[in-house]
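Thanks for sending this one over. Here are my notes, set out point by point so that you can follow them with the structure open.

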Amino acid sequence: MGRLVVVSNRVALPRRGEPTAGGLAVALKDVLKTNGGLWFGWSGETLKGPTTGEPKKLRHQGIDYATIDLNDADYKGFYAGYSNNILWPLFHFRLGLLEYDRKQAEAYRRVNRDFAKALLPLLGPKDTVWIHDYQLIPMAAELRALGARQRIGFFLHIPFPPWAVFSALPGADRLLRDLLAYDLVGVQTQRDLNGLMSCLREGLELVPDVHGGVTTDARRTQFSHHAIGIDTRGFATIARKAAYGPDAQRMRASMGDRKLIVGAERLDYTKGLPHRLRGFGALLANFPEHLNCVTYLQVAARSRNEVASYRDLKRELDSLAGRINGDYAEFDWTPVRYVARAMARDTLAGLYRLADVGLVTPLRDGMNLVAKEYVAAQNPENPGVLVLSSFAGAAETMDGALLVNPLDPEAMAEQLDHALKMPLEERRNRWTSMMAGLEEQTAARWAENFLTELEEMPVPAELATESARN
């Protein structure tokens with residue numbers, strides 16, 4: 001494989017003294033180091049005036065980084081507007097939260113065009129380009145319009161809805177056609193692939209072949225699913241060490257002999273946070289033997305504060321947590337510990353290892369790596385139990401989890417009761433089954449499998465001729 005060029009909305013730039021944020025960044029950086037590569041995207045910085053369009057460049061540990069800034073208007077239209085007010089709720093089946101604005105749609109197109117213009121001069125003829133996620137769906141089409149002939153792959157990290165949902169988007173057919181500019185389009189699960197196939201058939205009247213590809217006049221585009229994983233062994237090591245660190249020790253001392261349920265993700269309406277609070281409240285109401293015997297810790301780091309629906313969600317969670325504590329707390333026991341800010345990754349890993357139950361209840365999720373991190377963090381001799389929404393992509397393969405429908409708080413309470421009372425042998429059996437899958441399906445393996453499939457796509461005639469000359 002030639003040089004790999006990774007394109008994402010936000011680039012995980014190396015920061016002095018800061019650890020890498022998560023498994024995806026680790027996997028992509030490892031691939032870039034191995035093959036030699038470039039990571040291109042938004043710097044995370046916004047400007048008051050117009051941008052120059054000239055990327056800022058950095059080389060660190062064998063990886064080249066190139067980033068561009070956005071001006072305030074483009075940030076609001078492209079990112080805060082179209083990406084997060086329109087595409088995010090659409091892809092998560094939340095049509096009631098979709099706020100369409102044609103100017104934001106135009107900003108989305110314009111920024112993708114600007115990204116393509118800034119990237120094109122940095123590309124060599126043999127480069128392989130891998131574009132990530134919903135913010136950059138049109139980017140390959142913009143690159144092709146500028147003359148790019150390289151192999152280009154795309155991976156969507158969030159769910160892909162069926163045409164019955166996707167068709168609510170004004171200009172839905174155009175966004176689907178943008179996908180046909182790629183050589184390979186990947187999604188997380190078979191369920192997401194089914195949704196995408198439905199859109200191609202019903203939205204564009206294209207019938208995929210038996211191999212899951214679509215051929216048009218311009219090219220053949222392959223569609224497939226690749227479930228992303230985590231750095232399983234690395235996270236297990238972090239959790240094992242963190243369990244003896246000062247944060248975990250403070251938590252253990254504050255718990256006494258009570259059991260711990262933990263949930264941790266950013267504040268987002270797709271994560272089912274109010275639903276799990278209602279489920280925990282139902283546990284205390286319906287199974288009073290758990291009163292003063294279990295504590296639920298929910299970490300919900302604030303995000304997208306400029307979006308009204310996120311501010312509304314924060315108020316709802318504040319109210320629910322306060323109501324449960326008001327109804328059930330004792331002077332020496334607080335049922336819900338609610339933290340509305342981010343925690344360090346190693347601190348979370350240690351808390352996962354302490355927790356008897358990991359509660360992960362998204363209303364819709366492409367995969368959900370918190371579920372995988374919770375399982376990886378467990379003590380093999382005395383593992384906790386994962387209670388997982390059936391709407392998470394992770395539910396397709398994590399057969400040892402207790403599955404729940406987050407819309408049914410009474411059923412969630414029953415599964416929490418089951419988890420808290422589960423015998424050790426059953427807990428070990430469930431954990432062993434899931435851990436084996438996590439060790440096989442790592443973030444590095446996901447990247448390797450996707451890129452291998454992309455490299456096996458037919459070489460465009462122009463590149464084949466040039467390669468033969470060289």
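**Notes on strands, rings and a loop glycine**

1. Let me begin with the strands, keeping in mind throughout that this is a predicted model. Strand E8 (residues 213–215) and E9 run antiparallel and are joined by 3 bridges. The connection from E8 to E9 is a hairpin through 4 residues. If you want a register check, Gly213 has Gln222 in E9 as its bridge partner.

2. E9 (residues 220–225) also pairs with strand E7 (residues 184–187); these two run parallel, with 4 bridges between them. Here a handy residue to look for is Val187, which stands opposite His225 in E9. So that you have both contacts of E9 together: the pairing with E7 is parallel, while the one with E8 is antiparallel.

3. Now to the aromatic rings, where the structure holds 22 aromatic pairs. One of them, Phe160 with Phe166, is stacked, at 5.4 Å centre to centre and with 25 degrees between the planes. Both of these phenylalanines, Phe160 and Phe166, are buried.

4. Another pair worth a look is Tyr352 with Tyr374, which is edge-to-face: the centres are 6.3 Å apart and the planes are at 75 degrees. Because Tyr352 belongs to helix H12 (residues 345–354) and Tyr374 to helix H13 (residues 369–376), this pair ties together parts that are 22 residues apart in sequence. Are these two tyrosines buried or exposed? Tyr352 counts as buried, since its relative accessibility is 3%. Tyr374 is buried too, with a relative accessible area of 2%.

5. There is also a ring cluster to show in your figure: Phe40, Phe78, Tyr82, Tyr108 and Phe115 are linked by ring pairs.

6. Which arginines lie over the face of an aromatic ring? Arg10 is placed over the face of Trp42, 5.4 Å from the ring centre. Arg364 takes up such a position over Phe93, at 4.0 Å from the ring centre.

7. Finally, a word on Gly62. This glycine sits in the loop between strand E3 (56–60) and strand E4 (63–71). Its relative accessibility is 35%, so Gly62 counts as partly exposed. Where does Gly62 lie relative to Leu273? Gly62 is 41 Å from Leu273 in space, C-alpha to C-alpha, and the two are 211 residues apart in sequence.

Note on methods. Residues are numbered from 1 along each chain as its sequence is written. This is a predicted model: local features need pLDDT of at least 70, side-chain atom pairs count only at pLDDT 80 or more; totals for chains, interfaces and linings use all residues. Side-chain values use heavy atoms; hydrogens and water are left out. Buried means under 20% relative accessible area, exposed over 50%, partly exposed in between (1.4 Å probe, protein chains only). Two strands pair if DSSP finds at least two bridges between them. Rings of Phe, Tyr and Trp (its six-membered ring) pair if their centres lie within 6.5 Å; planes under 30 degrees apart count as stacked, over 60 as edge-to-face and the rest as tilted. A charge sits over a ring if NZ of Lys or CZ of Arg is within 6 Å of the ring centre and within 35 degrees of the ring normal.
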